[in-house]
Amino acid sequence: MTDAAIPRFTGDASPYAGGDPYADHRTADFPFTHLVDLADRRLGAGVIAANDAFFAERENLLKPGPAVFDPEHFGHKGKIMDGWETRRRRGVSAAEPHPTPDDHDWALVRLGAPGVIRGIVLDTAHFRGNYPQAVSVEGASLPGSPAPEDILAPDVKWTTLVPRTPVGGHAANGFAVDAEQRFTHLRINQHPDGGIARLRVYGEVAPDPAWLTALGTFDLAALENGGQVEDASDRFYSPATNTIQPGRSRKMDDGWETRRRRDRGNDWIRYRLAAQSEIRAVEIDTAYLKGNSAGWAALSVRDGEDGDWSEALPRTRLQPDTNHRFVLDGPVRATHVRIDIFPDGGISRLRLYGSLTDEGATGLAAHHRELGG
């Protein structure tokens, strides 16, 4: 289902007339974009099949950052676009030159982290007159690592997340999703043909409790394991969610950096763990933050929505561009964690190593069943 209150864009955009190509890009503040992008390549997402990618590669859909437009970039097939673009569909004969109402192109997307989807953005940036007339999106949940032919098998159950809806050219077309289910794959349909620059799938990771139980000790805050950022004092330069992305940061803006404070306060991030857990070790990484890393950091924990905050790691000096490791004196039980940095600056990653409690594992397994897992 979709939310009619979200702005809708239809129709062509004006032809590119020079200057900033994004100057007339149509977009809006969607209410779900603070959530994790389940189709982020850093989480392992991929476009694994498409029926047509004649003009532009399907893989472009998941590239990080906005689509780039170069008006002089042509190849032997025509204009090269930074998106997924199919050839123009035709009818079956001179008497019937137009595609049928059911004709459409499709792409299969494996989500990087299975989860509950709250919103989808299909951005047709720079596709001004060659965007699809309408789009639709379906979701499925499959175990393991199925091949495209397994996903397209006739017995696979598909749930409509975005019904067939007209969209606009050179616009970020956003859709709220209301489906309390866990999805692993999407089918993106464009009716009848055309181009889409970027796909973003916002939601909440729903990890497999059997996998986490088998791991035993794992990073309790990691996005792929169900950790999430609930709030942060400042997101001026980069999102706080970067701190729980996979791998080490590879550049300065791949972490969390705040603006410079001119008061006597401090900055912070509050996290929710996948379930009640026991934390035994902590990593605070300031990779690539050299003249702007946090000066000190402290860690607090809370067990339950209304529990009291208690200190897990006292205020500790941080070094620039350094991974700091701390073994706690004993296991610390928590559902929420807060890192305070002093006075400002940033960190690139936070890792919290431990395991689920029996109560946490039971609750996570029950939630998994509720979502159809």
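Let's begin in the sheet: strands E7 (residues 134–140) and E10 (residues 183–191) run antiparallel and are joined by seven bridges. Everything described here comes from a predicted model. Within this pairing, Val137 of E7 has Ile188 as its bridge partner in E10. E7 also pairs with strand E8 (residues 159–166), again antiparallel, through five bridges, and there Glu138 stands opposite Thr160.

Here are the two pairings of E7 in brief:

| Partner of E7 | Direction | Bridges | One residue pair |
|---|---|---|---|
| E10 (residues 183–191) | antiparallel | seven | Val137 and Ile188 |
| E8 (residues 159–166) | antiparallel | five | Glu138 and Thr160 |

How many of the seven residues of E7 are buried? Seven of the seven are, so to speak, under cover. Ala134, Ser136, Glu138 and Ala140 point one way from the strand, while Val135, Val137 and Gly139 point the other way, and all are buried.

Now for the nonpolar core. In soluble globular proteins, nonpolar side chains tend to be buried together. The largest nonpolar core here has 67 residues, and Ile117, Ile120, Ile279 and Ile284 touch the most other members. Leaving aside residues up to four places away in sequence, Ile279 touches a list of residues including Leu220, Leu273, Val301, Leu328, Tyr353 and Gly354.

Finally, a look at empty space. The structure holds one cavity of 30 Å³ or more, and the largest cavity has about 30 Å³ of space. Pro7, Arg8, Phe9, Pro166, Val167, Asn173, Gly174 and Phe175 form its lining, which divides into five nonpolar residues, two polar and one charged. Strand E9 (residues 172–176) gives the most to this lining, with three residues.

Definitions and conventions. Residues numbered from 1 in each chain as written. Predicted model: local features only at pLDDT ≥ 70, side-chain atom pairs only at ≥ 80, totals over all residues. Heavy atoms only, no water. Core = buried A, V, L, I, M, F, W, Y, C linked by side-chain atoms within 4.5 Å. Buried < 20%, exposed > 50% of the residue type's maximum accessible area, 1.4 Å probe, protein only. Contact = heavy atoms within 4.5 Å. 1 Å grid on protein atoms, 1.4 Å probe; cavity = no way out; pocket = protein on both sides within 12 Å on 5 of 7 lines; lining within 4 Å. Points joined across faces, edges and corners; volume = space filled by probe spheres on them. Helix = DSSP H or I, 4+ residues; strand = E, 2+ residues; numbered from the N terminus. Nonpolar A, V, L, I, M, F, W, Y, C, P; charged D, E, K, R; others polar. Pairing = 2+ DSSP bridges.
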